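Here is a brief report on one protein chain. It begins with a single residue and then widens to the whole fold.

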Amino acid sequence: MTKGKNNVLPNAHFRKHWHSAIWSERGLVRCHFDQAGKKKRRYLARQAKAKTVAPRPTGGAVRPVVQCQTFKYNTKQRLGRGFTLDEIKGAGLSANYARTVGIAVDRRRKNRNADAFQANVQRLQEYKSKLVVIGKDTKEQVTQFQGVVMPIVKPQVAFETRAITADEKKRGVFKEMRIMRADAKYAGKRQAKADLAAAEAK
């Protein structure tokens with residue numbers, strides 16, 4: 001309870017420690033007034049990097065398609081660190097040459113799935129068919145590719161829908177599920193009780 005009379009209600013803010021890492025600026029609120037300036041700085045840095053790596057793609061080297069780890073994410077795909085030596089050999093390339101034409105190489109990754117191996121070899125062959133190699137002395141002007149090279153394309157899955165039937169509306173699925181769970185839980189005890197009753201009946 002608060003004190004009597006017309007005093008100020010206690011409302012102390014003891015947990016405001018903004019910018020407390022710098023002792024001279026302790027207790028101050030950090031205002032990001034430089035947000036627009038930082039955005040422009042990042043844009044200019046991207047432009048400078050693209051100019052440096054030209055005519056190579058701005059998104060870097062082409063990377064393999066791998067499965068995510070752990071039970072939670074193993075149904076999803078992502079871009080890996082680099083192609084294995086076997087995948088590069090299967091596409092008819094060498095690791096040293098692959099690095100010079102924009103193919104990422106990972107010597108540590110191993111192929112444990114034949115389907116994934118074939119998919120990545122096919123990905124490399126597709127990349128080879130689209131690859132344009134320019135010599136150092138060539139004056140030819142080539143348009144620089146913007147973005148990630150050969151991104152993962154998710155297949156569009158069409159789902160069929162239908163109306164719920166009257167019999168389905170009458171069913172109590174949750175109740176059925178609970179009964180089945182209870183049957184599975186007590187199956188051993190009920191069987192033992194039945195066996196005991198059958199033995200006593202003899």
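Start with Phe83. Phe83 sits in the loop between β2 (77-79) and α3 (85-90). The model is a predicted one.

**Phe83 and its surroundings**

Is Phe83 buried or exposed? Its relative accessibility is 0%. Phe83 counts as buried because the cut-off for that class is under 20% relative accessible area.

Which residues does Phe83 contact, leaving aside neighbours within four places in sequence? On the N-terminal side of the sequence the list includes Val62, Arg63 and Pro64. Further along the chain, Phe83 is in contact with residues including Ile88, Ile103, Ala104, Val105, Asp106 and Arg109. Asn120, Arg123 and Leu124 are also among the contacts of Phe83.

Ala158 gives a distance to set beside these contacts. The C-alpha atoms of Phe83 and Ala158 are separated by 32 Å. Along the chain, Phe83 and Ala158 are 75 residues apart.

**Asn120, a contact of Phe83**

Asn120 belongs to helix α5. Asn120 has 2% relative accessibility and counts as buried. Not counting residues up to four places away in sequence, Asn120 touches Pro64, Val65, Phe83, Glu87 and Arg109. Pro64 and Arg109 appear in the contact list of Phe83 and in that of Asn120.

**Salt bridges**

How many salt bridges does a search of the whole structure find? The search finds seven. Among them are the pairs in this table.

| Pair | N to O distance | Relative accessibility, acidic residue | Relative accessibility, basic residue |
|---|---|---|---|
| Glu126 and Lys130 | 3.2 Å | Glu126, 37% | Lys130, 57% |
| Glu168 and Arg162 | 2.8 Å | Glu168, 32% | Arg162, 61% |
| Glu176 and Arg171 | 2.7 Å | Glu176, 32% | Arg171, 48% |

Take Glu126 and Lys130. Both lie in helix α5 (residues 114-130). They are four residues apart, so about one helical turn separates them. Glu126 is partly exposed, whereas Lys130 is exposed.

In the pair of Glu168 and Arg162, the side chains meet in a salt bridge. Glu168 counts as partly exposed, and Arg162 counts as exposed. In the pair of Arg171 and Glu176, Arg171 is partly exposed, and Glu176 is partly exposed too.

**The whole chain**

Now widen the view. The protein chain has eight helices and two strands. From the N terminus on, the order is α-β-α-β-α-α-α-α-α-α.

Why is the chain described as more spread out than a compact globule? Its radius of gyration is 32 Å, and the globule rule gives 17 Å for 202 residues. The value for the chain is well over that of the rule, so the chain is more spread out than a compact globule. Along its principal axes, the C-alpha trace spans about 100 × 80 × 40 Å.

Buried residues, such as Phe83 and Asn120, make up 14% of the 202 residues. The accessible surface of the chain comes to about 18400 Å². Carbon and sulfur atoms account for 55% of that surface.

Sequence separation can be read from the contacts too. Among contacts between residues at least 6 apart in sequence, 52% join residues at least 24 apart.

Charge comes last. The chain carries 45 positive and 16 negative charges. The mean positions of the two sets are 12 Å apart.

Terms used
Residues numbered from 1 in each chain as written. Predicted model: local features only at pLDDT ≥ 70, side-chain atom pairs only at ≥ 80, totals over all residues. Heavy atoms only, no water. Rg over C-alpha atoms; globule rule 2.2 N^0.38 Å. Buried < 20%, exposed > 50% of the residue type's maximum accessible area, 1.4 Å probe, protein only. Contact = heavy atoms within 4.5 Å. Areas by Shrake-Rupley, 256 points an atom, 1.4 Å probe, with all protein chains shown as cover. Lys, Arg positive; Asp, Glu negative; His and termini not counted. Charge placed at Lys NZ, Arg CZ, Asp CG, Glu CD. Salt bridge = Lys/Arg side-chain N within 4 Å of Asp/Glu carboxyl O.
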